[in-house]
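Student: Hi! Could you walk me through this structure?
Tutor: Sure, let's look at it together.

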Amino acid sequence: MLKKILLSALLLLIAAYIVAAVTIFNRKPAAQVCHDLQLVIKDSIYAGFVTKKEVSALLKKKGISPLGRPIDSVSTRAIEQELSLHPLIDRVECYKTPGGCLNIEVSQRIPILRVMSDNGDNYYLDDKGSIMPPGAKCVAHRAIATG
């Protein structure tokens with residue numbers, strides 16, 4: 001009988017601890033400020049068209065730079081949409097960390113073929129078959145299609 005009471009009391013204490021721990025440790029600090037921006041440019045081995053400096057400058061120019069702003073007011077969706085408009089960016093993933101840091105992962109468009117036609121067209125085709133914009137700072141050593 002005493003064992004059942006002690007076991008019940010122990011289980012009750014463990015359950016109370018779990019509930020308290022989840023409630024206390026799951027709270028976000030009030031008015032947490034974004035103190036760090038981690039930019040990762042993927043595919044930079046194959047293409048070095050987009051730089052971290054360029055992405056940071058674009059965020060500042062559009063007024064959506066997260067540094068120094070409350071983390072709750074930072075819209076990751078707006079950042080993803082704005083960076084996706086860049087002609088040399090294929091995909092963007094943006095997310096917040098519990099420590100007040102914003103991570104942005106950028107995947108570049110990868111050119112696979114350069115087209116130089118007799119009528120003066122000069123552009124790259126990416127790995128999805130889309131035309132990369134002429135005049136963009138694309139300099140890649142790829143096969144050339146002429147004619």
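Student: How many residues does α1 have, and how far does it reach?
Tutor: This is a predicted model. In it, α1 has 24 residues and reaches 34 Å from its first C-alpha to its last, close to the 34 Å expected at 1.5 Å a residue.

Student: Is α1 buried or largely in the open?
Tutor: The number of buried residues in α1 is one out of 24, so α1 lies largely in the open.

Student: What about Val22, buried or exposed?
Tutor: Val22, which is found in helix α1, is exposed, with a relative accessible area of 52%. Val22 also helps make a nonpolar surface patch of about 720 Å². The other residues in that patch are Leu7, Leu10, Leu11, Ile14, Tyr17 and Ile18.

Student: OK, switching to α2. Which residues of α2 are buried?
Tutor: Helix α2 covers residues 52–61, and its buried residues are Val55, Leu58 and Leu59. They cover an arc of only 100 degrees around the axis, which puts them on the same side of α2.

Student: Why can residues three or four places apart point the same way?
Tutor: Because an α-helix has 3.6 residues a turn.

Student: And which residues are exposed on the other side of α2?
Tutor: Lys53, Lys60 and Lys61 are the exposed ones there.

Student: What covers the buried residues of α2?
Tutor: The cover includes β1 (36–42), α3 (76–84) and β3 (101–108).

Student: Last one: what phi does Gly63 take?
Tutor: Gly63 comes just after α2 and takes a positive phi of about 75 degrees.

Methods: Residues are numbered from 1 along each chain as its sequence is written. This is a predicted model: local features need pLDDT of at least 70, side-chain atom pairs count only at pLDDT 80 or more; totals for chains, interfaces and linings use all residues. Side-chain values use heavy atoms; hydrogens and water are left out. Patches are made of residues with over 30% relative accessible area and no salt bridge: like charges are joined within 9 Å, nonpolar side chains (Val, Leu, Ile, Met, Phe, Trp, Tyr) within 5 Å. Accessible areas come from the Shrake-Rupley method with a 1.4 Å probe; for residues, only the protein chains shown count as cover. A salt bridge is a side-chain nitrogen of Lys or Arg within 4 Å of a carboxyl oxygen of Asp or Glu. Helices (H or I, at least four residues) and strands (E, at least two) are DSSP runs, numbered from the N terminus. Buried means under 20% relative accessible area, exposed over 50%, partly exposed in between (1.4 Å probe, protein chains only). The arc is that of the directions from the helix axis to the C-beta atoms. Contact means heavy atoms within 4.5 Å. The expected span of a helix is 1.5 Å times one less than its number of residues.
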